[in-house]
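Visitor: I have a protein and an RNA strand to look at. Show me, and tell me how each label is earned.

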Amino acid sequence: MHDINAIRENPDAFDEALKRRGVASVSSDLLARDDARRKAIQTAQELQTKRNEASKKIGQAKGQGDEAAAQALMEEVAGLKEDLQQAEDTERQLKADLEAALSVLANVPLDDVPDGADEGDNIQLRQWGTPRQINNPRQHFEIGEALGQMDFEAAASISGARFVVLRDDLARLERALGNFMLDVHTQEFGYREMSPPVLVRDEAVFGTGQLPKFAEDLFRTENGFWLSPTAEVTLTNLVREQILNHASLPHRYTALTQCFRSEAGSAGRDTRGMIRQHQFNKVELVSIVDADSGEAELERLTQCAETILQKLELPYRVMLLCTGDMGFSARKTYDLEVWLPGQDTYREISSCSYCGDFQGRRMNARYRADGEKSTHFVHTLNGSGLAVGRTLVAVLENYVNDDGSITVPDVLQAYMGGVQKIEVSQ
RNA sequence: GGAGAGAUGGCUGAGUGGUUGAAAGCGGCGGUCUUGAAAACCGUUGAGCGUUUACGCGUUCCGGGGGUUCGAAUCCCUCUCUCUCCGCCA
(Lines give C-alpha, C1' and ligand atoms only; values in the text may rest on other atoms or scores of the structure.)
Protein backbone atom coordinates (compact mmCIF):
# COMPACT_ATOMS: atom_id res chain seq x y z
CA MET A 1 0.00 0.00 0.00
CA HIS A 2 1.23 3.45 -0.83
CA ASP A 3 1.32 6.47 1.44
CA ILE A 4 -1.18 9.00 0.10
CA ASN A 5 0.63 11.80 1.93
CA ALA A 6 3.85 10.99 0.10
CA ILE A 7 1.99 10.93 -3.21
CA ARG A 8 0.45 14.30 -2.41
CA GLU A 9 3.86 15.76 -1.68
CA ASN A 10 5.44 14.50 -4.86
CA PRO A 11 2.95 13.21 -7.41
CA ASP A 12 5.32 13.40 -10.35
CA ALA A 13 7.93 11.20 -8.71
CA PHE A 14 5.21 8.67 -7.94
CA ASP A 15 3.97 8.61 -11.52
CA GLU A 16 7.52 8.31 -12.85
CA ALA A 17 8.26 5.39 -10.55
CA LEU A 18 5.13 3.47 -11.52
CA LYS A 19 5.65 4.28 -15.17
CA ARG A 20 8.83 2.20 -14.94
CA ARG A 21 6.58 -0.74 -14.16
CA GLY A 22 4.29 0.04 -17.06
CA VAL A 23 1.53 1.56 -14.95
CA ALA A 24 -0.21 4.57 -16.44
CA SER A 25 -0.15 7.85 -14.55
CA VAL A 26 -2.61 7.69 -11.65
CA SER A 27 -1.59 10.39 -9.20
CA SER A 28 -4.07 13.00 -10.43
CA ASP A 29 -6.90 10.52 -9.98
CA LEU A 30 -5.65 9.56 -6.52
CA LEU A 31 -5.22 13.15 -5.45
CA ALA A 32 -8.70 14.05 -6.64
CA ARG A 33 -10.08 11.24 -4.51
CA ASP A 34 -7.90 12.31 -1.61
CA ASP A 35 -9.03 15.90 -1.92
CA ALA A 36 -12.69 14.92 -1.95
CA ARG A 37 -12.11 12.68 1.02
CA ARG A 38 -10.45 15.38 3.08
CA LYS A 39 -13.18 17.89 2.27
CA ALA A 40 -15.73 15.32 3.40
CA ILE A 41 -13.84 14.83 6.64
CA GLN A 42 -13.94 18.53 7.34
CA THR A 43 -17.64 18.78 6.55
CA ALA A 44 -18.42 15.85 8.82
CA GLN A 45 -16.26 17.22 11.61
CA GLU A 46 -17.94 20.61 11.54
CA LEU A 47 -21.32 18.93 11.87
CA GLN A 48 -20.03 16.72 14.64
CA THR A 49 -18.81 19.78 16.53
CA LYS A 50 -22.27 21.33 16.30
CA ARG A 51 -23.92 18.14 17.44
CA ASN A 52 -21.53 17.69 20.36
CA GLU A 53 -22.08 21.24 21.57
CA ALA A 54 -25.86 20.92 21.35
CA SER A 55 -25.90 17.53 23.03
CA LYS A 56 -23.79 18.81 25.85
CA LYS A 57 -26.24 21.66 26.45
CA ILE A 58 -29.19 19.28 26.37
CA GLY A 59 -27.45 17.11 28.89
CA GLN A 60 -26.85 20.10 31.16
CA ALA A 61 -30.44 21.29 30.86
CA LYS A 62 -31.76 17.85 31.71
CA GLY A 63 -29.33 17.62 34.56
CA GLN A 64 -30.83 20.78 36.00
CA GLY A 65 -34.35 19.43 35.48
CA ASP A 66 -35.17 22.11 32.90
CA GLU A 67 -37.21 19.97 30.50
CA ALA A 68 -38.56 22.93 28.55
CA ALA A 69 -35.11 24.23 27.71
CA ALA A 70 -33.95 20.76 26.75
CA GLN A 71 -36.96 20.30 24.49
CA ALA A 72 -36.26 23.61 22.76
CA LEU A 73 -32.65 22.68 22.17
CA MET A 74 -33.60 19.28 20.78
CA GLU A 75 -35.91 20.87 18.25
CA GLU A 76 -33.14 23.22 17.26
CA VAL A 77 -30.78 20.39 16.24
CA ALA A 78 -33.45 18.15 14.75
CA GLY A 79 -32.29 18.70 11.18
CA LEU A 80 -28.65 18.16 12.03
CA LYS A 81 -28.95 14.42 12.32
CA GLU A 82 -29.72 13.74 8.70
CA ASP A 83 -27.01 16.05 7.44
CA LEU A 84 -24.47 14.43 9.68
CA GLN A 85 -25.50 10.94 8.67
CA GLN A 86 -25.08 11.86 5.05
CA ALA A 87 -21.73 13.56 5.63
CA GLU A 88 -20.41 10.51 7.48
CA ASP A 89 -21.64 8.15 4.77
CA THR A 90 -19.93 10.26 2.13
CA GLU A 91 -16.69 10.32 4.06
CA ARG A 92 -16.78 6.56 4.56
CA GLN A 93 -17.43 5.93 0.89
CA LEU A 94 -14.66 8.26 -0.28
CA LYS A 95 -12.21 6.69 2.11
CA ALA A 96 -13.07 3.21 0.84
CA ASP A 97 -12.77 4.40 -2.75
CA LEU A 98 -9.31 5.81 -2.16
CA GLU A 99 -8.15 2.68 -0.38
CA ALA A 100 -9.51 0.47 -3.13
CA ALA A 101 -7.62 2.52 -5.71
CA LEU A 102 -4.41 2.40 -3.70
CA SER A 103 -4.60 -1.28 -2.85
CA VAL A 104 -4.25 -2.48 -6.46
CA LEU A 105 -1.17 -0.41 -7.25
CA ALA A 106 2.16 -2.24 -7.32
CA ASN A 107 5.12 -1.13 -5.23
CA VAL A 108 7.65 1.31 -6.68
CA PRO A 109 11.04 -0.08 -7.75
CA LEU A 110 14.30 1.04 -6.17
CA ASP A 111 16.53 3.27 -8.30
CA ASP A 112 19.07 0.54 -9.03
CA VAL A 113 16.44 -1.80 -10.49
CA PRO A 114 16.82 -1.93 -14.28
CA ASP A 115 13.92 -0.89 -16.48
CA GLY A 116 12.53 -3.63 -18.65
CA ALA A 117 9.47 -5.33 -20.04
CA ASP A 118 9.89 -8.96 -19.06
CA GLU A 119 12.36 -11.62 -17.98
CA GLY A 120 14.43 -10.99 -21.10
CA ASP A 121 15.56 -7.71 -19.55
CA ASN A 122 16.75 -9.20 -16.27
CA ILE A 123 20.44 -8.78 -15.54
CA GLN A 124 22.76 -11.60 -14.57
CA LEU A 125 24.85 -10.49 -11.60
CA ARG A 126 26.95 -13.56 -10.95
CA GLN A 127 27.25 -17.25 -11.61
CA TRP A 128 28.38 -20.05 -9.33
CA GLY A 129 29.61 -23.57 -9.99
CA THR A 130 30.46 -25.55 -13.09
CA PRO A 131 27.93 -28.00 -14.54
CA ARG A 132 28.97 -31.64 -14.30
CA GLN A 133 29.60 -33.64 -17.44
CA ILE A 134 26.43 -35.63 -17.93
CA ASN A 135 26.01 -38.14 -20.75
CA ASN A 136 22.60 -38.08 -22.33
CA PRO A 137 21.00 -35.56 -19.95
CA ARG A 138 17.35 -36.26 -19.25
CA GLN A 139 14.57 -34.26 -17.68
CA HIS A 140 13.70 -34.98 -14.06
CA PHE A 141 10.37 -36.65 -14.81
CA GLU A 142 12.05 -39.12 -17.14
CA ILE A 143 14.62 -39.89 -14.48
CA GLY A 144 12.08 -40.11 -11.69
CA GLU A 145 9.67 -42.30 -13.64
CA ALA A 146 12.48 -44.61 -14.68
CA LEU A 147 13.36 -44.97 -11.00
CA GLY A 148 9.75 -45.94 -10.38
CA GLN A 149 9.53 -43.30 -7.66
CA MET A 150 7.78 -40.37 -9.36
CA ASP A 151 4.19 -41.11 -10.32
CA PHE A 152 2.14 -38.53 -12.16
CA GLU A 153 -0.53 -40.99 -13.23
CA ALA A 154 -1.35 -41.99 -9.69
CA ALA A 155 -1.51 -38.34 -8.70
CA ALA A 156 -3.77 -37.55 -11.66
CA SER A 157 -6.20 -40.27 -10.71
CA ILE A 158 -6.39 -38.94 -7.18
CA SER A 159 -6.16 -35.19 -7.70
CA GLY A 160 -5.84 -34.34 -11.39
CA ALA A 161 -3.18 -32.48 -13.33
CA ARG A 162 -0.25 -30.68 -11.70
CA PHE A 163 0.16 -33.07 -8.79
CA VAL A 164 2.70 -35.79 -8.15
CA VAL A 165 3.18 -38.81 -5.93
CA LEU A 166 6.73 -39.49 -4.81
CA ARG A 167 7.65 -42.91 -3.51
CA ASP A 168 10.40 -44.53 -1.47
CA ASP A 169 13.76 -42.77 -1.60
CA LEU A 170 12.48 -39.82 -3.64
CA ALA A 171 9.83 -39.16 -1.01
CA ARG A 172 12.56 -39.39 1.59
CA LEU A 173 14.82 -37.14 -0.48
CA GLU A 174 12.15 -34.45 -0.48
CA ARG A 175 11.90 -34.68 3.30
CA ALA A 176 15.68 -34.65 3.61
CA LEU A 177 15.97 -31.50 1.50
CA GLY A 178 13.44 -29.63 3.61
CA ASN A 179 15.06 -30.65 6.88
CA PHE A 180 18.53 -29.81 5.60
CA MET A 181 17.45 -26.33 4.51
CA LEU A 182 15.71 -25.57 7.80
CA ASP A 183 18.75 -26.68 9.78
CA VAL A 184 21.08 -24.44 7.80
CA HIS A 185 18.86 -21.39 8.17
CA THR A 186 18.18 -21.87 11.86
CA GLN A 187 21.63 -23.04 12.95
CA GLU A 188 23.89 -21.00 10.68
CA PHE A 189 21.84 -17.89 9.99
CA GLY A 190 19.72 -17.37 13.08
CA TYR A 191 16.25 -17.72 11.59
CA ARG A 192 13.54 -18.85 13.99
CA GLU A 193 11.74 -21.95 12.81
CA MET A 194 7.97 -21.64 12.71
CA SER A 195 5.13 -24.01 11.92
CA PRO A 196 2.32 -21.76 10.70
CA PRO A 197 -1.18 -22.52 9.39
CA VAL A 198 -1.72 -22.93 5.67
CA LEU A 199 -5.37 -21.90 5.73
CA VAL A 200 -5.51 -18.14 6.08
CA ARG A 201 -8.00 -15.29 6.06
CA ASP A 202 -8.53 -12.36 3.75
CA GLU A 203 -6.70 -9.89 5.98
CA ALA A 204 -3.47 -11.87 5.98
CA VAL A 205 -3.44 -12.33 2.23
CA PHE A 206 -4.24 -8.66 1.76
CA GLY A 207 -1.35 -7.80 4.05
CA THR A 208 1.28 -9.36 1.84
CA GLY A 209 -0.37 -8.14 -1.37
CA GLN A 210 -1.80 -11.23 -3.06
CA LEU A 211 -5.27 -9.78 -2.45
CA PRO A 212 -7.28 -8.11 -3.78
CA LYS A 213 -5.67 -8.21 -7.19
CA PHE A 214 -4.53 -11.81 -7.53
CA ALA A 215 -7.41 -13.80 -6.05
CA GLU A 216 -7.62 -16.00 -9.15
CA ASP A 217 -4.12 -17.35 -8.45
CA LEU A 218 -5.24 -18.78 -5.11
CA PHE A 219 -7.39 -21.65 -3.93
CA ARG A 220 -10.29 -20.82 -1.63
CA THR A 221 -12.23 -23.15 0.61
CA GLU A 222 -16.01 -23.14 0.71
CA ASN A 223 -16.03 -21.49 4.09
CA GLY A 224 -13.82 -18.64 3.01
CA PHE A 225 -10.28 -19.62 3.88
CA TRP A 226 -7.47 -19.17 1.39
CA LEU A 227 -4.87 -21.88 0.92
CA SER A 228 -1.65 -20.03 1.50
CA PRO A 229 0.37 -19.75 -1.74
CA THR A 230 3.60 -19.26 0.25
CA ALA A 231 4.69 -19.08 3.87
CA GLU A 232 5.58 -15.47 3.11
CA VAL A 233 1.92 -14.78 3.94
CA THR A 234 1.95 -16.36 7.38
CA LEU A 235 5.49 -15.47 8.43
CA THR A 236 5.15 -11.83 7.42
CA ASN A 237 1.74 -11.50 9.06
CA LEU A 238 3.20 -12.67 12.37
CA VAL A 239 3.80 -9.00 13.13
CA ARG A 240 0.53 -7.60 11.78
CA GLU A 241 -1.17 -4.91 13.86
CA GLN A 242 1.72 -4.81 16.30
CA ILE A 243 4.09 -2.14 17.51
CA LEU A 244 7.48 -3.76 17.94
CA ASN A 245 10.41 -2.50 19.94
CA HIS A 246 13.06 -1.19 17.60
CA ALA A 247 15.66 -3.04 19.64
CA SER A 248 13.96 -6.37 18.87
CA LEU A 249 14.54 -5.99 15.12
CA PRO A 250 15.38 -7.69 12.89
CA HIS A 251 12.96 -10.58 13.24
CA ARG A 252 13.98 -13.51 11.06
CA TYR A 253 11.54 -16.38 10.48
CA THR A 254 11.73 -19.57 8.46
CA ALA A 255 9.21 -22.32 7.82
CA LEU A 256 8.79 -25.41 5.69
CA THR A 257 5.22 -25.44 4.42
CA GLN A 258 3.12 -26.74 1.62
CA CYS A 259 2.15 -24.02 -0.81
CA PHE A 260 -0.95 -23.97 -3.00
CA ARG A 261 -1.38 -22.17 -6.28
CA SER A 262 -4.14 -22.38 -8.84
CA GLU A 263 -1.75 -21.60 -11.74
CA ALA A 264 -4.75 -20.04 -13.42
CA GLY A 265 -2.68 -17.97 -15.82
CA SER A 266 -0.14 -20.60 -16.77
CA ALA A 267 -2.13 -23.09 -18.85
CA GLY A 268 0.24 -24.92 -21.16
CA ARG A 269 3.40 -23.87 -19.31
CA ASP A 270 5.52 -26.58 -17.69
CA THR A 271 2.67 -29.03 -17.94
CA ARG A 272 4.95 -32.03 -17.53
CA GLY A 273 6.87 -32.75 -14.39
CA MET A 274 7.27 -31.13 -11.01
CA ILE A 275 8.32 -27.63 -12.03
CA ARG A 276 4.85 -26.13 -11.78
CA GLN A 277 2.44 -27.84 -9.39
CA HIS A 278 -0.73 -26.88 -7.57
CA GLN A 279 0.87 -28.03 -4.34
CA PHE A 280 4.54 -27.95 -3.44
CA ASN A 281 6.87 -27.67 -0.48
CA LYS A 282 8.94 -24.61 0.13
CA VAL A 283 11.26 -23.35 2.84
CA GLU A 284 10.60 -19.65 3.20
CA LEU A 285 12.75 -16.92 4.72
CA VAL A 286 11.17 -13.73 6.06
CA SER A 287 12.89 -10.75 7.65
CA ILE A 288 11.18 -7.90 9.48
CA VAL A 289 13.56 -4.94 9.67
CA ASP A 290 13.64 -1.20 10.30
CA ALA A 291 13.58 1.48 7.63
CA ASP A 292 17.35 1.63 7.25
CA SER A 293 18.27 -2.03 7.05
CA GLY A 294 16.25 -3.36 4.14
CA GLU A 295 18.77 -3.27 1.34
CA ALA A 296 21.57 -4.83 3.39
CA GLU A 297 19.13 -7.47 4.61
CA LEU A 298 18.24 -8.35 1.01
CA GLU A 299 21.89 -9.15 0.32
CA ARG A 300 22.08 -11.23 3.49
CA LEU A 301 18.87 -13.12 2.79
CA THR A 302 19.94 -13.87 -0.76
CA GLN A 303 23.26 -15.19 0.54
CA CYS A 304 21.37 -17.50 2.89
CA ALA A 305 19.45 -18.96 -0.04
CA GLU A 306 22.60 -19.22 -2.16
CA THR A 307 24.34 -21.12 0.59
CA ILE A 308 21.85 -23.97 0.18
CA LEU A 309 22.69 -24.32 -3.49
CA GLN A 310 26.41 -24.14 -2.75
CA LYS A 311 26.23 -26.84 -0.10
CA LEU A 312 24.29 -29.01 -2.55
CA GLU A 313 26.90 -28.17 -5.20
CA LEU A 314 24.24 -27.16 -7.68
CA PRO A 315 25.39 -24.60 -10.27
CA TYR A 316 23.28 -21.45 -10.36
CA ARG A 317 23.20 -17.84 -11.36
CA VAL A 318 21.84 -14.74 -9.67
CA MET A 319 19.54 -12.48 -11.64
CA LEU A 320 18.51 -8.93 -10.80
CA LEU A 321 14.91 -8.66 -11.96
CA CYS A 322 13.90 -5.77 -14.16
CA THR A 323 10.89 -3.60 -13.36
CA GLY A 324 8.62 -5.60 -15.68
CA ASP A 325 9.35 -8.98 -14.07
CA MET A 326 9.07 -8.04 -10.40
CA GLY A 327 6.24 -9.12 -8.16
CA PHE A 328 3.49 -6.79 -7.00
CA SER A 329 4.85 -6.03 -3.52
CA ALA A 330 8.56 -5.91 -4.33
CA ARG A 331 10.88 -2.94 -4.64
CA LYS A 332 13.83 -5.05 -5.66
CA THR A 333 14.15 -8.77 -6.38
CA TYR A 334 16.96 -11.26 -6.92
CA ASP A 335 16.08 -14.56 -8.52
CA LEU A 336 18.31 -17.59 -8.06
CA GLU A 337 18.23 -19.83 -11.10
CA VAL A 338 19.57 -23.36 -10.86
CA TRP A 339 21.17 -25.23 -13.73
CA LEU A 340 18.96 -28.00 -15.11
CA PRO A 341 20.95 -30.20 -17.54
CA GLY A 342 17.82 -32.00 -18.75
CA GLN A 343 16.30 -28.70 -19.84
CA ASP A 344 19.68 -27.29 -20.84
CA THR A 345 18.81 -24.06 -19.08
CA TYR A 346 18.66 -22.22 -15.77
CA ARG A 347 15.32 -22.26 -13.93
CA GLU A 348 14.08 -20.15 -11.04
CA ILE A 349 14.47 -21.87 -7.68
CA SER A 350 14.32 -18.88 -5.36
CA SER A 351 13.04 -15.33 -5.44
CA CYS A 352 14.30 -12.89 -2.83
CA SER A 353 12.53 -9.57 -2.47
CA TYR A 354 12.73 -6.35 -0.52
CA CYS A 355 9.30 -4.78 -0.10
CA GLY A 356 10.08 -1.56 1.79
CA ASP A 357 7.15 -0.57 4.02
CA PHE A 358 4.58 -1.68 1.42
CA GLN A 359 3.46 -4.75 3.35
CA GLY A 360 4.04 -3.14 6.74
CA ARG A 361 1.52 -0.47 5.79
CA ARG A 362 -1.01 -3.04 4.54
CA MET A 363 -0.63 -5.04 7.77
CA ASN A 364 -0.40 -1.98 10.02
CA ALA A 365 2.82 -3.40 11.50
CA ARG A 366 5.02 -0.80 13.14
CA TYR A 367 8.01 -0.35 15.39
CA ARG A 368 9.01 2.31 17.86
CA ALA A 369 12.45 3.29 19.03
CA ASP A 370 13.07 3.49 22.77
CA GLY A 371 12.06 6.88 24.11
CA GLU A 372 10.56 7.93 20.78
CA LYS A 373 6.93 8.83 20.50
CA SER A 374 6.34 8.25 16.82
CA THR A 375 6.07 4.87 15.15
CA HIS A 376 7.32 3.71 11.77
CA PHE A 377 6.06 0.95 9.52
CA VAL A 378 8.25 -2.13 9.47
CA HIS A 379 10.10 -3.04 6.30
CA THR A 380 9.75 -6.60 5.08
CA LEU A 381 11.71 -9.08 3.00
CA ASN A 382 11.02 -12.57 1.85
CA GLY A 383 12.74 -15.23 -0.16
CA SER A 384 12.64 -18.92 -0.90
CA GLY A 385 15.36 -20.84 0.76
CA LEU A 386 14.57 -22.88 -1.35
CA ALA A 387 11.63 -24.28 -3.28
CA VAL A 388 11.95 -27.92 -2.22
CA GLY A 389 10.25 -29.51 -5.23
CA ARG A 390 12.40 -27.67 -7.70
CA THR A 391 15.51 -28.46 -5.67
CA LEU A 392 14.62 -32.13 -5.93
CA VAL A 393 14.30 -31.66 -9.68
CA ALA A 394 17.75 -30.06 -9.76
CA VAL A 395 19.33 -32.85 -7.70
CA LEU A 396 17.91 -35.47 -10.03
CA GLU A 397 19.09 -33.81 -13.20
CA ASN A 398 22.53 -32.86 -11.87
CA TYR A 399 23.31 -36.04 -9.91
CA VAL A 400 22.00 -38.68 -12.29
CA ASN A 401 24.44 -41.43 -13.23
CA ASP A 402 24.73 -43.29 -16.52
CA ASP A 403 22.77 -46.24 -15.09
CA GLY A 404 19.88 -43.99 -14.05
CA SER A 405 20.69 -44.03 -10.35
CA ILE A 406 21.08 -40.82 -8.34
CA THR A 407 24.11 -40.01 -6.22
CA VAL A 408 22.90 -38.41 -3.01
CA PRO A 409 24.71 -35.10 -2.40
CA ASP A 410 27.14 -35.37 0.54
CA VAL A 411 25.28 -32.94 2.79
CA LEU A 412 22.04 -34.89 2.42
CA GLN A 413 23.33 -38.35 3.24
CA ALA A 414 22.96 -37.86 6.97
CA TYR A 415 19.34 -36.83 6.35
CA MET A 416 18.82 -39.99 4.25
CA GLY A 417 19.94 -42.38 6.95
CA GLY A 418 23.27 -42.86 5.22
CA VAL A 419 21.84 -43.68 1.79
CA GLN A 420 24.45 -42.69 -0.78
CA LYS A 421 22.70 -43.71 -3.95
CA ILE A 422 19.08 -43.88 -5.04
CA GLU A 423 18.43 -46.91 -7.21
CA VAL A 424 15.52 -48.18 -9.25
CA SER A 425 12.66 -49.38 -7.04
CA GLN A 426 11.96 -53.10 -7.05
C1' G B 1 -22.21 -29.42 16.08
C1' G B 2 -25.48 -27.80 20.75
C1' A B 3 -25.89 -24.41 25.19
C1' G B 4 -23.92 -20.35 27.75
C1' A B 5 -20.35 -16.29 29.38
C1' G B 6 -17.08 -12.67 27.89
C1' A B 7 -13.62 -8.76 25.01
C1' U B 8 -12.46 -1.49 28.53
C1' G B 9 -5.53 2.09 28.01
C1' G B 10 1.44 -1.17 28.56
C1' C B 11 -1.01 -4.67 32.54
C1' U B 12 -5.03 -5.64 36.34
C1' G B 13 -9.77 -3.75 36.74
C1' A B 14 -14.49 -0.02 37.78
C1' G B 15 -18.13 2.01 34.78
C1' U B 16 -25.91 4.49 36.31
C1' G B 17 -27.60 6.50 28.01
C1' G B 18 -25.81 13.01 29.60
C1' U B 19 -18.99 17.86 30.76
C1' U B 20 -16.16 9.72 30.59
C1' G B 21 -10.56 9.58 26.76
C1' A B 22 -12.62 6.88 30.54
C1' A B 23 -12.30 5.57 38.36
C1' A B 24 -8.68 2.86 41.08
C1' G B 25 -4.26 0.00 41.38
C1' C B 26 0.26 -1.69 39.00
C1' G B 27 3.95 -0.44 35.54
C1' G B 28 6.68 3.59 32.74
C1' C B 29 8.73 8.62 32.76
C1' G B 30 10.16 13.28 35.49
C1' G B 31 11.02 15.51 40.26
C1' U B 32 11.78 15.98 45.85
C1' C B 33 14.64 13.33 49.46
C1' U B 34 19.62 10.35 49.31
C1' U B 35 26.88 9.90 48.65
C1' G B 36 24.08 6.37 45.39
C1' A B 37 19.86 3.19 45.44
C1' A B 38 15.36 1.50 47.71
C1' A B 39 11.16 3.33 50.30
C1' A B 40 8.04 7.51 50.74
C1' C B 41 5.88 11.79 48.61
C1' C B 42 4.60 15.12 44.28
C1' G B 43 3.76 15.45 39.16
C1' U B 44 3.16 13.07 34.50
C1' U B 45 1.86 9.01 31.25
C1' G B 46 -2.89 6.04 24.74
C1' A B 47 -3.53 5.93 19.36
C1' G B 48 -5.33 7.58 14.55
C1' C B 49 -7.14 11.36 11.34
C1' G B 50 -8.12 16.55 9.69
C1' U B 51 -6.27 21.51 10.11
C1' U B 52 -2.05 24.79 11.33
C1' U B 53 4.78 27.63 9.67
C1' A B 54 4.19 26.68 14.79
C1' C B 55 1.81 26.85 19.77
C1' G B 56 -2.67 24.83 19.17
C1' C B 57 -7.65 23.67 17.63
C1' G B 58 -11.17 20.02 15.99
C1' U B 59 -12.61 15.03 15.44
C1' U B 60 -12.72 9.68 15.90
C1' C B 61 -11.48 5.43 18.73
C1' C B 62 -13.68 1.10 25.12
C1' G B 63 -12.38 -6.30 19.98
C1' G B 64 -13.99 -5.04 14.13
C1' G B 65 -18.21 -3.18 11.25
C1' G B 66 -23.20 -1.28 11.08
C1' G B 67 -27.65 0.71 13.64
C1' U B 68 -31.09 3.25 17.47
C1' U B 69 -30.75 8.26 19.96
C1' C B 70 -30.32 15.36 20.40
C1' G B 71 -26.42 12.36 22.91
C1' A B 72 -23.65 5.36 23.22
C1' A B 73 -18.07 2.15 26.63
C1' U B 74 -23.38 1.60 28.25
C1' C B 75 -29.19 -0.31 24.05
C1' C B 76 -29.85 -3.35 19.16
C1' C B 77 -27.76 -6.22 14.84
C1' U B 78 -23.54 -8.56 12.78
C1' C B 79 -18.52 -10.41 12.39
C1' U B 80 -13.93 -11.93 14.78
C1' C B 81 -11.62 -13.82 18.94
C1' U B 82 -11.45 -15.93 24.08
C1' C B 83 -13.50 -18.97 27.98
C1' U B 84 -17.05 -22.85 30.30
C1' C B 85 -20.23 -27.24 29.78
C1' C B 86 -22.09 -31.19 26.40
C1' G B 87 -21.17 -33.95 21.81
C1' C B 88 -17.52 -35.49 18.17
C1' C B 89 -12.43 -36.11 17.04
C1' A B 90 -6.15 -36.64 15.71
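Visitor: What makes α3 stand out on the surface near RNA strand B?
Guide: α3 gives the largest share of that surface, 13 residues. A residue is near the strand if one of its heavy atoms lies within 4 Å of it. α3 (27-63), α5 and β14 (366-368) each supply at least two residues. Helices are DSSP runs (H or I, at least four residues), as are strands (E, at least two), numbered from the N terminus. This is a predicted model: local features need pLDDT of at least 70, side-chain atom pairs count only at pLDDT 80 or more, and totals for chains, interfaces and linings use all residues. Side-chain values use heavy atoms, without hydrogens and water.

Visitor: Which residues come nearest to RNA strand B?
Guide: Of 23 around the strand, R38, Q45, R51, K81 and R92 come nearest.

Visitor: Which part of RNA strand B makes up 75% of its atoms within 4 Å of the protein?
Guide: Sugar or phosphate; the rest belong to bases.

Visitor: Why does K81 count as a polar contact?
Guide: A polar contact is a pair of N or O atoms within 3.5 Å. A polar side-chain atom of K81 lies 2.3 Å from a phosphate oxygen of RNA strand B, so the pair qualifies. For Q85 the value is 3.0 Å, again to a phosphate oxygen. N52 has a side-chain N or O atom 3.4 Å from a phosphate oxygen of the strand, so that pair also falls within 3.5 Å.

Visitor: How many residues near RNA strand B are charged?
Guide: Ten are charged, with nine polar and four nonpolar. Asp, Glu, Lys and Arg count as charged; Ala, Val, Leu, Ile, Met, Phe, Trp, Tyr, Cys and Pro as nonpolar; the others, Gly among them, as polar.

Methods. Residues numbered from 1 in each chain as written. Chains lettered and ligands numbered in written order. Polar contact = N/O pair within 3.5 Å; in protein donor to acceptor, adjacent residues only side chain to side chain.
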